[in-house]
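Student: Got a minute to walk me through a model? I'd like the overall picture and then some residues.

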Amino acid sequence: MRASRLLSIMMMLQSRGRLSAETLAEELEVSVRTIYRDIDQLSAAGVPVYAETGRNGGFALLDGWRTRLTGLTAPEAKALFLSGLPGPAAELGLSDDMAAAELKLLAALPADWQDEARRISGRFHLDPKGWFQPGRVHEHLKSVADAVWSERRIHVRYESWTGVSDRVLEPLGLVLKGGIWYVVARREGAIRTYRLSNILALIMTEERFERPDDFDLPGHWEQATLQFEKDIYVDTALVRASEIGRKRLLDVSQVVRSAVEAAQIEPDAEGWATLTIPIEEIGWAAREMTKIGCEIVVLEPPELRSRMAEMARKLWALYAG
């Protein structure tokens, strides 16, 4: 614990310059007397720290002296400031560790790069949650994360579209996509993806499993999402859409966006154009087309056109009278 505090003092002095004993004590949550003892220990270890008295006094490192993180270049450390996700880190219980890591990264930068690194962290923020989706800390997130780290099996009660069942999972990794946490886990030899919010109950076991040496979480996730989109878009629809309708189609999904952007658009005098888009099952497609409103007309398939007409009749019955 003391070694960690000594390192923190050294990094803070290196990245922020002169600091008073009171400031150090407050940030490290120790007494001022402890700070003085720690400063003596740093001096005894050869760290050139000195004290300045007076109104603006405090402790500082000798000009030009600095320690570095072995193997980390200034551009690499600078780039890592863009990778911090304070929300997910806090959900995983790693907010304190992230703050400590950022301090060490900042200390690794040359003096003339530190201001730029601070500007980066102050001007770029990554928010993985969607609009109107505040997100929530899942009850089992920390337990699943612990199981991933320790390679331990978990018994879960899981609710899927087919019902509720008990399963034994070997968690290989966690993924945060669109503000939703997923766990990629092996079950009965097959690697599948499970939504954390669908885990109703969880028991951590002492049973360990052997993680596949060649398992690549980012690569697996990319392939799995591509396959998911390929499997889910099983049909196409022929539609006529206005310019506004075509813009709204871009927000349906990446697959639909790609189809719209690749289409040969030949709008008529009023801006309407005919194009083919991929769709899921008829019910889903009808809901998505309804969101676009009167800016789109389904021409084919007949089943989807009939479903749209049925929904229009129901809406008319609700509002006409």
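Tutor: Sure, we'll go from the whole chain to its cores and then to single residues. This is a predicted model, where local features need pLDDT of at least 70, side-chain atom pairs count only at pLDDT 80 or more, and totals for chains, interfaces and linings use all residues. Residues are numbered from 1 along each chain as its sequence is written, and side-chain values use heavy atoms, with hydrogens and water left out.

Student: OK, what's the mean pLDDT of the chain?

Tutor: The mean is 80, and 75% of the residues reach 70 or more. pLDDT is the predictor's confidence in each residue, from 0 to 100.

Student: Which elements have the lowest and highest mean?

Tutor: Helix α4 (residues 74-80) is lowest at 51, and β10 is highest at 95. Where pLDDT is low, the predicted coordinates should not be read in detail.

Student: How many helices and strands are there?

Tutor: The chain has 13 helices and 10 strands. Both are DSSP runs numbered from the N terminus: H or I and at least four residues for helices, E and at least two for strands.

Student: And how much of the chain is buried?

Tutor: Buried residues make up 34% of the 321 residues. Buried means under 20% relative accessible area, exposed over 50%, and partly exposed in between (1.4 Å probe, protein chains only).

Student: Which residues touch the most other members of the largest nonpolar core?

Tutor: Val239, Leu249, Ile277, Met289, Ile296 and Leu304, out of 20 residues in that core. A nonpolar core here is a set of buried Ala, Val, Leu, Ile, Met, Phe, Trp, Tyr and Cys residues joined through side-chain atoms within 4.5 Å.

Student: Which elements supply it?

Tutor: At least two residues each come from β8 (235-241), α11 (254-262), β9 (273-279), α12 (282-292), β10 (296-300) and α13 (302-320). Helix α12 gives the most, with 5 residues. There's another core apart from this one, with 16 residues, including Met12, Leu13, Ala25 and Val47.

Student: Back to Val239, what is it in contact with?

Tutor: Leaving aside neighbours within four places in sequence, Val239 is in contact with Ala273, Thr274, Leu275, Ile277, Ile296, Val297, Val298 and Leu299. Contact means heavy atoms within 4.5 Å.

Student: Switching topic: is Arg186 buried or exposed?

Tutor: Arg186 counts as buried because its relative accessibility is 18%. This arginine lies in strand β5 (residues 180-187).

Student: What does the side chain of Arg186 reach?

Tutor: The backbone oxygen of Glu210, at 2.9 Å. A polar contact of 2.6 Å also joins the side chains of Arg186 and Glu170. A polar contact is a pair of N or O atoms within 3.5 Å; within protein, one must be able to donate a hydrogen and the other to accept it, and residues adjacent in sequence count only if both atoms are side-chain atoms.

Student: What caps the N-terminal end of α9?

Tutor: Asp216 does, with a side-chain oxygen 3.2 Å from the backbone nitrogen of Gly219.

Student: What span should helix α9 have?

Tutor: At 1.5 Å a residue, the 16 residues of α9 (residues 217-232) should span 22 Å, and the end C-alpha atoms are 22 Å apart, so the two agree. The expected span is 1.5 Å times one less than the number of residues.

Student: Last one: where does Tyr50 lie?

Tutor: In strand β1 (residues 49-52). Tyr50 counts as partly exposed because its relative accessible area is 30%. Its side chain makes a polar contact with the side chain of Glu52 at 3.5 Å.
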